[in-house]
Amino acid sequence: MDASAVAPVLRLAGLVDDPRRHNHLHPLPQMIVMALIAILCGGDGWDDVAEFCEVREEWFKGFLTLPRGIPSHDTFGRVFARLDPLQLEEMLRQWMNALNISSGGKLIAIDGKSLRRSFEHAWDTSGMAHVVGAFASENRIALAQLGVLDKENEIVAIPKLLAMLDLKASTVTIDAIGCQREIARQITDAGGHYILQVKDNQPTLHAKAKKLLDEAILEQMAGWKGSTFQEVDAGHGRIETRQVWLTSEVRHLGADLLELWPGLKAIAAVERVRELIGKEPSVERHYYILSNGKCNAQRAGQIIRGHWSIENGLHYVLDVSFNEDQSRVRKGHGAENLSRLRRLTANLLRLNPSKRSIKGQRKRCGWSTEYLFQTLFRGLGAATPIKAK
């Protein structure tokens, strides 16, 4: 089988500029393809990537141009540390577009993640890499990701991340750090809706929303235009009761405040009561602003709960199935770019019609060339899978 079978992936990899001025011993598109395949097959870092490629060198030569053989793990590390992260992100975005995966009409959760071991020394974690990502909660697909210098810079990154997405008819959920007027305006201007958690970083809005909703709850919503919803989960020695109160009577917040917050049409409170055997019940109540005045309490509760799917559906998967939290890649953009390849890998595996776990599918990719290429080329119109020599 010739290299034409891999042409769709190489064409996408060619969107990324090679940062090397000299010593182009290994073509960049081939390096990106090798790294992606190695990660699909279970590699967790550049040592794994280089070793996998060395073991499968003759197989790779069947469809890639490798004039100087397989790059060392140091070469993989140096090159990916210097790759422009925005160009690599654009490559992944176009890949998702080729698979007809867009963000329009979806529930989009925005949240940050720290790459916990991406620092130089244990006594100085200031160099730790952070990323902020967008996750389609319903189909469990990672949509986009940007690197940030630290947790506080998420406020700067979120607007850039939103600008990369199709927000039309989508509902965007962000925790309290993203509860900013400019972010709310950006979402509504793009034709989307928002549900933003309100805390003390917006003291006036939080105080008024809390006072208004607490009053409505005490009155059991009598005389208030809105709705309530309650659900109970039990299992593993715990009982969790979630109750949602929502009202569209936001005029009580005051005209001046409403003028500051674009599209604000409703406010909601979510209370969680958790009971564990042998312990006192814990009670948490949080407050939210919504731009969709037609949303009822039940739907708002589902969306708010779905926001945390980014923790279980993406962050947990990256940490457990890809060992991301233990990765020591830290030079330049290396940690951020490696995280992008993991994210693309998770997306491709989720699109497989399989009930296997992500970890199980990665093993299967390593064991079955046919399964690997079905995963890699899904939706890209590639030729028959390449057989190992």
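Here are some short exercises on ring contacts and charge pairs in a predicted model.

**Exercise 1: a ring pair**

Work out how the rings of Trp46 and Phe76 are arranged, and which helices they link.

*Solution.*
- Start with the overall search: it turns up 9 aromatic pairs in the whole structure.
- Trp46 and Phe76 form one such pair, with 6.2 Å from centre to centre and 5° between the planes. Planes under 30 degrees apart count as stacked, and this pair is indeed stacked.
- Now place the residues. Trp46 sits in helix H3 (residues 46–55) and Phe76 in helix H5 (residues 73–82), so the pair ties together parts that are 30 residues apart in sequence.
- Finally, check exposure: Trp46 and Phe76 are both buried.

**Exercise 2: rings and charges**

Find the aromatic cluster that includes Trp59, then look for the charge over the face of Trp59.

*Solution.*
- The cluster is made of Phe52, Trp59, Phe60, Phe63, Phe373 and Phe377.
- Over the face of Trp59 lies Arg56, at 4.4 Å from the ring centre.
- Another arginine does something of this kind elsewhere: the charged end of Arg364 sits over the ring of Tyr371, 5.2 Å from its centre.

**Exercise 3: a local bridge**

Decide whether Glu57 and Lys61 are buried, partly exposed or exposed, and say what joins their side chains.

*Solution.*
- The side chains of Glu57 and Lys61 meet in a salt bridge, at 3.5 Å from N to O.
- Partly exposed covers the range between 20% and 50% relative accessible area. Glu57 has 23% relative accessibility, so it counts as partly exposed. Lys61, at 38%, is partly exposed too.

**Exercise 4: two ends of a bridge**

Compare the exposure of Glu249 with that of Arg251.

*Solution.*
- First, the contact: Glu249 and Arg251 form a salt bridge, with their closest N and O atoms 3.3 Å apart.
- Glu249 has a relative accessible area of 9%, so it is buried. Arg251 comes in at 55%, so it is exposed.

**Exercise 5: from a pair to a network**

Trace the salt bridge between Arg305 and Asp233 out to the network it belongs to.

*Solution.*
- The whole structure holds 18 salt bridges. In this one, the closest N and O atoms of Arg305 and Asp233 are 2.8 Å apart.
- The pair links distant parts of the chain: Arg305 is in helix H11 (residues 297–307) and Asp233 in strand S6 (residues 226–235), 72 residues apart.
- Arg305 is partly exposed at 41% relative accessibility, and Asp233 is partly exposed at 24%.
- Widen the view, and salt bridges link Glu231, Asp233, Glu240, Arg242, Arg274 and Arg305 in a network.

Methods: Residues numbered from 1 in each chain as written. Predicted model: local features only at pLDDT ≥ 70, side-chain atom pairs only at ≥ 80, totals over all residues. Heavy atoms only, no water. Phe/Tyr/Trp six-rings, centres within 6.5 Å; stacked < 30°, edge-to-face > 60°. Helix = DSSP H or I, 4+ residues; strand = E, 2+ residues; numbered from the N terminus. Buried < 20%, exposed > 50% of the residue type's maximum accessible area, 1.4 Å probe, protein only. Lys NZ or Arg CZ within 6 Å of the ring centre and 35° of its normal. Salt bridge = Lys/Arg side-chain N within 4 Å of Asp/Glu carboxyl O.
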